[in-house]
Amino acid sequence: MKRGTRRALAALALAAAAAVEAAVWVCRAPRFAHASPDYPMVDLTGVVARAEAGRPDYRLLLAQTGLGKGAVDALLETGRGEELFDFQARYFAPCQWETVKGVAIVRLEVSGSELRFAPLEKGDVLLTPSSRCGGWRNGHAALVVDVEEGLVLEAYSLGQPSRLSSLSTWQDKAAVAVLRLSGVSAERRAALADWARQNLLDLPYGLFSGLPWLGETARPPATQCAHLVWCAFAAFGYDIDGGGWPVTPRDISLSPLLETVQVWGLPQGARWPS
């Protein structure tokens, strides 16, 4: 066999192997849309009373309402502890969801139940696994940049520059996690969000943004959803990539620098489906 023929066959074999590997990678997405609690709903009357008296059981409240310490404290500090009952009812309520068509081969899982967000703060991170491309559950990420106006900064899809969107566009997701930089002042987190709004708006969508050989910078020439969020934190010295490159919404969910503010439609204690 001629050397050129051998090389051609080797190239074809390598391409076939790569195609098979890509197919396996794409099809490994968990079959998931929404997870309701698989344990009993308990009477929170005494729990809420103790919380309002300064003795909150954060672990139990997370399991019963989906709210983390920051969200619980925000309600208690503003005299809104009674709202924990409403969050509990919504957390345990049955959820009807459906799959709808997104851009190209993207499919989105949307809920008929409107998510009620806990008190949010500038710099909070929104994550959802309710987006898949082929079989790969790519998910989506965004950054809260204006609480009063209900605005998030996101890189939504191919062909669209990064933009400001309404928080309401996140309320029909079948599953959502809200995360917050832990141990950092609200002022610094707000400054991070302001910087992102000034520097990461109207960037072209770059599907491969974040790959190591393209170079990493807090002021990228292009971005994708998780990369945009990562850049905002990186500009202030925080690497919230809890996985590998390119950074994905799932990688951000694994970051030890972020604490849980709220989860909805996700397995108990999880920020992302396993």
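The legends below describe three close-up views of a predicted model.

**View 1. Helix H6 and the elements that its buried residues pack against.**
Helix H6 covers residues 186-199, and its 14 residues reach 20 Å from the first C-alpha to the last, which is close to the 20 Å expected at 1.5 Å a residue. The buried residues of this helix are Arg-189, Ala-190, Leu-192, Ala-193, Trp-195 and Ala-196. An α-helix has 3.6 residues a turn, so residues three or four places apart point the same way. The buried residues of H6 pack against three strands, namely E5 (140-146), E6 (151-154) and E8 (176-181), and also against helix H7 (225-234).

**View 2. The open sheet formed by strands E1, E2 and E4.**
Three strands are arranged in the order E1-E2-E4, and their pairing is antiparallel. Strand E1 (97-101) and strand E4 (131-133) are the edge strands, since each of them pairs on one side only. From one strand to the next, the twist averages 25 degrees. Strand E1 is joined to strand E2 (residues 106-111) by five bridges, and Thr-99 has Glu-109 as its bridge partner in E2.

**View 3. The surroundings of His-140 in strand E5.**
His-140 has a relative accessible area of 8%, and because this value is under 20%, the residue counts as buried. Its side chain makes a polar contact with the side chain of Glu-154, at 2.8 Å. Leaving aside residues up to four places away in sequence, His-140 touches several other residues besides Glu-154, including Leu-126, Leu-127, Thr-128, Tyr-156, Trp-170, Cys-225 and Pro-249.

Technical notes. Residues are numbered from 1 along each chain as its sequence is written. This is a predicted model: local features need pLDDT of at least 70, side-chain atom pairs count only at pLDDT 80 or more; totals for chains, interfaces and linings use all residues. Side-chain values use heavy atoms; hydrogens and water are left out. Helices (H or I, at least four residues) and strands (E, at least two) are DSSP runs, numbered from the N terminus. The expected span of a helix is 1.5 Å times one less than its number of residues. Buried means under 20% relative accessible area, exposed over 50%, partly exposed in between (1.4 Å probe, protein chains only). Contact means heavy atoms within 4.5 Å. Two strands pair if DSSP finds at least two bridges between them. Axes are lines fitted to C-alpha atoms, for helices over the stretch in contact, and angles run from 0 to 180 degrees between N-to-C directions. A polar contact is a pair of N or O atoms within 3.5 Å; within protein, one must be able to donate a hydrogen and the other to accept it, and residues adjacent in sequence count only if both atoms are side-chain atoms.
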